[in-house]
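Notebook open, viewer loaded. I want to go through this one piece by piece and jot down what I look up.

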Amino acid sequence: MTNSTGSADRLPTASFTLLDGLEAGLGPREVRSERIIIPSRGIRRPLDAREDLLSRAAPYTRLHESTSVSHLTASLLHGMPLPAWAQDTSQIDLARSGGSEERLGQPRRFEVRGHRLRLGAEDVMMLGGTRITTPERTWLDLCGIRQLTMDDVIVAGEHLVSEHQRSIHPRTAIVTLAQLRAYVGGKRRVPGLGRARIALELMAVGADSPQETRIRLMLERAGLPRFKANCVVVDPWGKVLWVDLGNARYRVAIEYDGEHHLDPEQQLWDRSRNRRTVSAGWAQVILTREDLVRGEAHIVSRVVAALTAQGWR
C-alpha cells in the first residue's frame with residue numbers, strides 16, 4: 001500500500017483492506033470518509049484511486065490466506081486473449097481452496113465472482129505479491145467455463161505455448177505445449193478437464209495472434225490441407241521470410257493484416273514481403289478484420305481458390 005507524501009493526505013492511491021489501513025495508521029474517520037468507497041466488506045478504495053486490475057484484486061486475497069485470483073481475472077492478468085464479453089472487469093474472480101478440515105465456501109461478496117477449487121502448490125503462484133492461479137491452472141479453469149467456445153480456449157492456450165525464432169519479435173513460450181499436456185494429464189476430477197484434453201489435441205505452436213489461430217481452425221474444420229503458423233518461405237535471393245500461416249506443399253501463404261498494418265512504414269514492409277512471397281512461387285491470401293466479419297465460409301472460399309490455383313484438388 002502506497003501513501004501519498006505529507007500529513008495532509010495519508011490515503012492510499014489504490015484499494016486496500018480495512019485492516020491494512022488501520023495498521024498503516026489511518027484513523028476510523030479516514031477509512032470511512034466521503035473520499036472512500038466501500039466496494040465490498042473489509043475493502044476500501046479511494047474515490048480517486050489510480051490502480052490497475054492487479055492492484056484492485058490484491059486486497060481481496062489478503063482477507064483470507066486460502067484465496068487466489070482465478071478464472072477470467074487471472075487470464076487477463078496473465079495476458080491471455082479473451083472474447084470481448086469476458087474482458088469485463090466489473091467483477092473479480094476469486095477462488096478459495098482448503099483442506100478437508102476446512103469447510104469454507106466460495107467467496108460471496110459484492111464485486112466478486114466466487115469459486116471453490118481444490119488447489120495444490122503447483123496451481124498457485126505469486127504475481128506482484130498477490131496469490132493467483134498459474135497460467136496452466138488458469139487455462140484449465142477456462143476450459144470449465146461453458147460460455148467460452150472451444151475456439152476461445154484454444155486461442156488462449158496457443159497464446160501460452162507460442163514460441164518461434166522469427167527474426168522479428170521471436171517468442172518464448174510462457175508454458176510449452178509439452179508442459180501444458182503434462183500438467184493437464186496429471187489432473188483428475190477438475191471441471192473442464194475433458195474439454196482441455198480435446199483442445200490440446202487441436203492446438204499448434206507458433207501463432208502470433210488470436211486471429212491467426214481462429215483462421216487456422218476454420219481451415220481445419222473445412223478439411224483443407226494443414227497450414228503451419230510462422231511458416232518459412234525462401235525467396236529467389238535465398239533470403240528467409242516468415243508468413244503468418246503457410247502450406248509448403250501447395251505454396252499458399254496466408255497473412256492476417258491487423259490494424260497496425262495501416263502504419264505507413266509497416267505498409268512499405270508488407271509490400272516488400274508480398275513481392276518476395278509471390279516471387280518465390282507462393283500464392284498469397286491477405287485477410288483483414290473485414291474478412292473475419294464476413295465469416296468462415298468467405299475465408300474458406302478465398303483459401304480454397306488459392307489452393308486450387310496451386311494444384312490442390
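**Helix H4 and its charges**

I started in helix H4, where Arg-137 and Asp-141 sit four residues apart, which means about one helical turn separates them. This is a predicted model, so I kept that in mind throughout. The general rule fits here: an α-helix has 3.6 residues a turn, so residues three or four places apart point the same way. I checked the pair for a salt bridge and found one, with the closest N and O atoms 3.1 Å apart. Are these two buried or exposed? Both Arg-137 and Asp-141 are buried.

Next I looked at the whole helix. H4 covers residues 135-143, and eight of its nine residues are buried, so the rest of the structure largely encloses it. The buried ones include Pro-135, Thr-138, Trp-139 and Cys-143. What covers them? I noted helices H3 (71-77), H5 (150-161), H6 (177-185) and H7 (193-202) among the covering elements, and strands S7 (124-127) and S8 (130-133) are also included.

**More salt bridges**

I ran the count for the model and got 21 salt bridges. One of them pairs Lys-187 with Asp-123, the closest N and O atoms being 3.0 Å apart. This pair links distant parts of the chain: Lys-187 is in the loop between H6 and H7, Asp-123 is in the loop between strand S6 (112-116) and S7, and their positions lie 64 residues apart in the numbering. Both Lys-187 and Asp-123 are buried.

I then went to helix H8 for another pair. Arg-216 and Glu-220 meet through their side chains in a salt bridge of 2.8 Å, N to O. They are four residues apart in H8, which means a separation of about one helical turn. The burial of the two partners took a second look: Arg-216 counts as buried because its relative accessibility is 2%, while Glu-220 is partly exposed at 24%. Back around H4, salt bridges with shared partners tie Glu-122, Asp-123, Arg-137, Asp-141 and Lys-187 into one network.

**Nonpolar cores**

Which residues touch the most other members of the largest nonpolar core? I found Trp-139, Leu-142 and Met-203, in a core of 27 residues. H4, H5, H6 and H7 are the elements that give it two or more residues, and H5 gives the most, with five.

I pulled up the contacts of Leu-142, leaving out residues up to four places away in sequence. Its list includes His-71, Leu-72, Met-80, Val-153 and Arg-195. Apart from that core lies another one of 21 residues, with Phe-227, Leu-245, Tyr-250 and Ile-254 among them.

**The four-stranded sheet**

I traced an open sheet of four strands in the order S9-S10-S11-S12, with mixed pairing. Strands S9 (228-234) and S12 (283-287) are the edges, each pairing on one side only. From one strand to the next, the twist averages 50°.

S11 and S12 pair in the parallel sense over five bridges. Within that pairing, Val-252 has Ala-283 in S12 as its bridge partner. Helix H8 (residues 210-221) packs on the sheet and touches strand S10 (240-247), S11 and S12, its direction making about 45° with that of S10. Helix H11 (residues 296-309) lies across S11 and S12, running at about 165° to S12.

I picked Glu-255 as a residue to inspect, in strand S11 (residues 252-256). With a relative accessibility of 1%, Glu-255 counts as buried. Beyond its sequence neighbours up to four places away, Glu-255 touches residues including Trp-242, Asp-244, Arg-273, Gln-284 and Ile-286.

**Two smaller stops**

I looked at the hairpin of S2 and S3. Strand S2 (residues 36-40) and strand S3 (residues 43-46) run antiparallel and are joined by three bridges. Ile-36 stands opposite Pro-46 in S3. Two residues lie between the strands, and Gly-42 takes a positive phi near 80°.

Last, I checked Thr-61, which is in helix H2 (residues 53-61). Thr-61 is buried, with a relative accessible area of 3%. Its contacts outside the local stretch of four places include Thr-67, Val-69, Leu-94 and Arg-131. I also took the distance from Thr-61 to Ala-305: their C-alpha atoms are separated by 54 Å, with the two 244 residues apart along the chain.

Technical notes. Residues numbered from 1 in each chain as written. Predicted model: local features only at pLDDT ≥ 70, side-chain atom pairs only at ≥ 80, totals over all residues. Heavy atoms only, no water. Pairing = 2+ DSSP bridges. Buried < 20%, exposed > 50% of the residue type's maximum accessible area, 1.4 Å probe, protein only. Contact = heavy atoms within 4.5 Å. Axes fitted to C-alpha atoms, helices over the stretch in contact; angles between N-to-C directions. Core = buried A, V, L, I, M, F, W, Y, C linked by side-chain atoms within 4.5 Å. Salt bridge = Lys/Arg side-chain N within 4 Å of Asp/Glu carboxyl O.
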